[in-house]
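Trainee: Could we go through this model together? I would like to start with how the strands connect.

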Amino acid sequence: MLLKNIQPARMAVTVAVSGLLLGTATSVHAQVSGSAALTSDYVWRGSSQTREDPAIQAGVKYAHESGLYASVWGSNVKFKPDNGARSEFVLAVGWSGKIATDWALDIYLLRYQYPSASTNLNWNEINASITWRDNYWLAVGHSNNAMATDTTGTYALLGARYPINDQWRVEGSVARYVLESAYADSYMHGALGVVWTFKAPFEARLTLHGTDSAAKRLFPGMAGSRAEFAIQASF
């Protein structure tokens, strides 16, 4: 699993909020959206989650007019060393909305779930992100069970996108994962990508990833410099 996020109590919250939203759908405005992608490698926080093999990914999100939302996203995975995990599901429940003319806030809980794993890899994470003018954002995630290790981890990412025209944009990010020393070294990673909307809603994306030496020690053979190519769509 890559980047990640969290336990049964939060799962109950996700189900409860989803039920509330669905129950009120006939009387208030709500929106269902989704995404799908075929990628050459599933890279999560700088590390391959598929041993550098391709991944098929899809997700769906239900958003209430109040700003509350619930979503589920999934991908195939294959970790190193092999622990039996073949699929990853990320469940989220949260709130997002404008807090000022140019500013938006998103606060959400994540649950990472691995149904076929031979060991307990499931974990939770609480996240928040703030976005300025839709093109610049700071995101922070925290878990007391980072990557299902019973240790604390805090993840911080600074990202930006630059629209060149209606078809092309450039995206970049730099991040640091602060991990409890009893588990592993903290590490940094970055990404730089170009996205081409060749036929809306379909896009092609090429992303270059890089990590420091601490990430290479933590994820042997799965971190470091790598390129990822994907065909993706949102609907």
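Trainee: How many residues does the hairpin that joins E12 to E13 run through?

Mentor: This is a predicted model: local features need pLDDT of at least 70, side-chain atom pairs count only at pLDDT 80 or more, and totals for chains, interfaces and linings use all residues. Residues are numbered from 1 along each chain as its sequence is written, and side-chain values use heavy atoms, with hydrogens and water left out. Strands are DSSP runs (E, at least two residues), numbered from the N terminus. The hairpin from E12 to E13 runs through two.

Trainee: Which residue in E13 is the bridge partner of Trp196?

Mentor: E12 covers residues 187–199 and E13 covers 202–211. They pair (DSSP finds at least two bridges) in the antiparallel sense, over nine bridges. The partner of Trp196 is Ala204.

Trainee: And in E14, which residue is the bridge partner of Leu206?

Mentor: E13 also pairs with E14, residues 226–234, antiparallel over eight bridges. Opposite Leu206 in E14 is Phe229.

Trainee: How many strands make up the closed barrel?

Mentor: The order begins E1-E4-E5 and ends E12-E13-E14, with antiparallel pairing. The barrel is closed, and its strand count is twelve.

Trainee: Which residues does Leu179 contact, leaving aside neighbours within four places in sequence?

Mentor: Contact means heavy atoms within 4.5 Å. Among the partners are Ala146, Met147 and Thr152. The rest of the list is Gly153, Ala184, Asp185, Ser186, Tyr187 and Leu218.

Conventions. Helix = DSSP H or I, 4+ residues; strand = E, 2+ residues; numbered from the N terminus.
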